[in-house]
Amino acid sequence: MRFLPVSLTTILVELADLDETLALFASLQADPVPGVEDLVPAARTLMIRFRPERLSAATLAAAIAGRDLSVRTAPSEHLVEIPVRYDGEDLDEVARLTGLSVEEVIRRHTESEFTVAFCGFAPGFGYLVGGDPALQVPRRQSPRMRIPAGSVALAGAFSGVYPQASPGGWQIIGTTPEKMWDLSRDPPALFQPGYRVRFVDLEKRGLTTTAAARPASAENVSDAGEVGHTVTVFKVLAAPIPALLQDLGRFGQTGQGVSASGALDQGALKAANRVVGNPPGWPCLEITLGGFSFEARARAVVAFAGAPCPILVRDAAGREIEAVGYQPIALEPGDVVTLGHPPAGMRSYLAVRGGFSVKPVLGSASTDTLAVIGPEPVGAGAVLALADDREGLTSVSLTETPAFAAPKPGEIVTLDVVLGPRTDWFTKAGLASLTDQLWTVTPQSSRVGIRLSGEQPIERRDSAELPSEGTATGAIQVPHSGQPVLFLADHPLTGGYPVIGAVAEYHLDLAGQIPANAKIRFRPVSQFAEITPSTGRDAAERQ
């Protein structure tokens with residue numbers, strides 16, 4: 001058992017195999033360690049997020065080191081059959097890599113019985129084990145930007161089905177019409193840990209359906225209806241990039257493969273709420289690169305925070321005033337508010353006193369763009385309602401102050417990095433490539449992650465495959481190309497490329513505001529080393 005650093009609030013426990021991983025996961029669920037907030041099991045690792053004010057990484061390691069890992073979980077009696085059209089664009093490549101014919105690849109895949117080991121990467125994505133060893137193939141050298149929903153794929157010892165269109169690096173061998181994730185179904189994920197799975201060739205046997213879905217409970221679709229008495233407050237006139245409703249994130253859903261999501265600049269979201277007198281974590285509109293415009297349909301007090309967009313307010317008589325961010329703006333019916341494009345930063349946050357009326361999904365109002373969970377994006381023509389929930393409101397603040405200067409294109413942004421958990425997968429020169437050069441933010445970046453480009457790719461020690469393991473917000477994942485991706489809030493829950501380090505939590509808001517063509521310098525805050533379980537007084541004091 002090895003204990004590896006992931007970030008200032010997360011460690012990775014490396015175990016001998018999947019059985020040990022699931023045994024430790026079961027042990028920590030049955031007998032939790034106080035201060036542990038989340039567990040993400042994977043192929044042979046368990047990622048653990050904890051509260052550093054309650055315990056240290058070394059104390060947590062000590063509490064885990066003595067756990068009994070001999071208990072094994074029996075597979076479920078539930079069998080799911082997945083109909084497949086074996087028409088994947090990587091099918092020929094899989095045949096070449098395995099030395100088998102295409103027909104033999106299909107035969108071996110359909111004759112295997114798989115088990116859902118764990119869920120991750122995206123909601124409804126089950127990692128299936130137990131397939132024919134001859135079908136073990138490496139991931140693609142560089143992940144695709146978009147893999148269609150329903151793609152049946154292979155990677156290492158795993159098989160899986162992509163629940164929705166998303167980036168990915170697995171080898172695609174076919175497609176299925178089955179919906180792997182459906183919020184109208186209870187549970188939403190078709191694959192649950194322990195389920196047995198078989199794939200059926202549609203060309204030979206025709207469509208095979210799964211068991212009928214049960215009606216969804218209200219808890220699956222939404223934890224709450226609209227809040228309080230609603231009143232129309234805004235009509236959206238322009239949204240070049242649709243705005244997204246965001247709060248502080250969706251927690252406690254990793255068992256279904258659902259990551260936290262949430263605002264990319266949480267400090268700005270909290271500031272906007274404080275300005276108008278809302279509780280700091282209430283939902284706001286996250287607006288990317290400005291250009292957003294709306295008409296007030298009722299009296300309201302609003303505030304903007306984050307990227308410093310020019311703010312123009314035009315009243316019903318045509319008079320115009322320039323407003324400023326981080327201060328309350330009083331609106332009358334008929335006022336039109338227009339945001340210009342920000343000279344710095346990426347994302348602005350709009351709060352309204354009383355809060356937006358929004359139905360939470362799986363406990364949060366955040367829109368997860370990768371998982372496609374949460375409220376619909378807000379585009380031109382949308383009508384926004386005011387929750388008008390007075391509980392928790394305070395007096396309107398006169399002003400707030402940005403936590404940092406928003407970065408501009410071309411500027412150099414320094415981000416502190418915690419090295420690990422797979423820093424030792426890279427050469428000394430590879431680590432120097434990470435820390436000694438400037439990385440350019442490419443236009444292909446999104447809420448999922450920042451794609452970076454550097455003159456010197458990050459060099460690995462070898463081309464070994466990494467079994468999929470949990471990834472944290474801020475993780476710097478390095479595919480075979482050596483050009484890293486910095487994961488943001490909508491990142492996949494698990495990944496199969498090694499993570500060389502993670503941006504420190506206190507710099508995540510800054511990372512969420514870095515625009516395309518800015519430069520990033522990564523600054524390690526510590527040397528990479530395994531975590532040694534603590535003993536004696538330190539452990540006693542923290543317990």
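Residues 207–228 of this predicted model are a good place to begin, as pLDDT stays under 50 throughout that stretch. The model nevertheless gives residues 207–228 54 contacts beyond four places in sequence. A second stretch, residues 539–543, also has pLDDT below 50, and eight contacts beyond near neighbours in sequence are found for it in the model. Where pLDDT is low, the predicted coordinates should not be read in detail. For the chain as a whole, the average pLDDT is 91, with 94% of the residues scoring at least 70.

Turning to the fold, seven strands close into a barrel, with mixed pairing. Going around, the order is β25-β32-β29-β30-β27-β26-β33, and the twist from one strand to the next averages 40°. Within this barrel, strand β29 (residues 475–477) pairs with strand β32 (residues 499–503) over three bridges, in the antiparallel sense. Here Q477 is found opposite V499 of β32. Helix α8, spanning residues 428–436, lies across several strands, namely β25 (412–419), β26 (439–441), β29, β32 and β33 (519–524). Relative to β33, helix α8 runs at about 120°.

The cysteines complete the picture. Zero disulfides are present in the structure. C284 is one of the cysteines outside any disulfide: its nearest cysteine sulfur belongs to C309 and is 14 Å away, whereas a disulfide requires the two sulfur atoms to be within 2.5 Å. C284 counts as buried because its relative accessibility is 0%, under the 20% cut-off. C119 likewise counts as buried, because its relative accessibility is 5%.

Notes: Residues are numbered from 1 along each chain as its sequence is written. This is a predicted model: local features need pLDDT of at least 70, side-chain atom pairs count only at pLDDT 80 or more; totals for chains, interfaces and linings use all residues. Side-chain values use heavy atoms; hydrogens and water are left out. Buried means under 20% relative accessible area, exposed over 50%, partly exposed in between (1.4 Å probe, protein chains only). Two strands pair if DSSP finds at least two bridges between them. Helices (H or I, at least four residues) and strands (E, at least two) are DSSP runs, numbered from the N terminus. Axes are lines fitted to C-alpha atoms, for helices over the stretch in contact, and angles run from 0 to 180 degrees between N-to-C directions. Contact means heavy atoms within 4.5 Å. pLDDT is the predictor's confidence in each residue, from 0 to 100.
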